[in-house]
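Please open the model in your viewer and keep the sequence panel beside it. The stops below go from the whole chain to a single pair of strands.

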Amino acid sequence: MKKRSSIIQASILSLGVATLVACSKEEPPVAQSAPQAAAPAAVAVEQSQPVAEGAIGAVKPGAVRFHYKRAGGDYEGWGVYAWKGVKDEPPKWPGNLGFDGKDAFGVYLDIAVSSEAAMMDFLITDGTGKKDCATDQSVTFPPTIAQRGTEVWIKSGDCKVYTEQPL
């Protein structure tokens, strides 16, 4: 009986060592057919990857892309009223520039910036003076805006200006 017990203990010990050895082996690297894109940068100096529903194209140099999301998906009349840091004359208050594109986040609009400006003040409005955020909002331009443009994301009811797509 003692011999059988020793054999069982040796077998269990052997299995444990084999399991440890198997777990510690490194897996060979998986071959990739195409290089993967780097993760988006944490600051607005880099453009984000396009959100789903097809590529929407890169932001033009010297422009801010405003992404906007409303929970109900009703965008009728909503747009961006920007007055400081814009290249072209803003619409008369309470007018706005309507969103002209759609993506998986919501809608978006590109606005050209003044080459002398370091920031842009704006509001998201319904075109009649109703504001999504009660306070003025702003975006500070990254140093590369003239070469790459930049993007911001706005969620209805949230006054934070996101420099990366929020969840």
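Begin with the surface of the whole protein chain, which exposes about 10,800 Å², with carbon and sulfur atoms supplying 56% of it; accessible areas come from the Shrake-Rupley method with a 1.4 Å probe, and for residues only the protein chains shown count as cover. This is a predicted model, in which local features need pLDDT of at least 70 and side-chain atom pairs count only at pLDDT 80 or more, while totals for chains, interfaces and linings use all residues. Residues are numbered from 1 along each chain as its sequence is written, and side-chain values use heavy atoms, with hydrogens and water left out.

Next, colour by pLDDT, the predictor's confidence in each residue from 0 to 100: the chain averages 77, and 66% of the residues score at least 70. Select residues 1-55, where pLDDT stays under 50 and the model has 33 contacts beyond four places in sequence, a contact meaning heavy atoms within 4.5 Å.

Now switch to a cartoon, which should show two helices and eight strands in the order α-β-β-β-β-β-β-β-α-β; helices (H or I, at least four residues) and strands (E, at least two) are DSSP runs, numbered from the N terminus.

Then select strand S6 (residues 119-125), which runs antiparallel to S7 and is joined to S7 by four bridges, where pairing requires at least two DSSP bridges. Met-119 stands opposite Thr-140 in S7.

Finally, show the side chains of S7 (residues 137-140): Gln-137 and Val-139 point to one face and are buried (under 20% relative accessible area; exposed is over 50%, partly exposed in between, with a 1.4 Å probe and protein chains only), whereas Ser-138 and Thr-140 point to the other face and are not buried.
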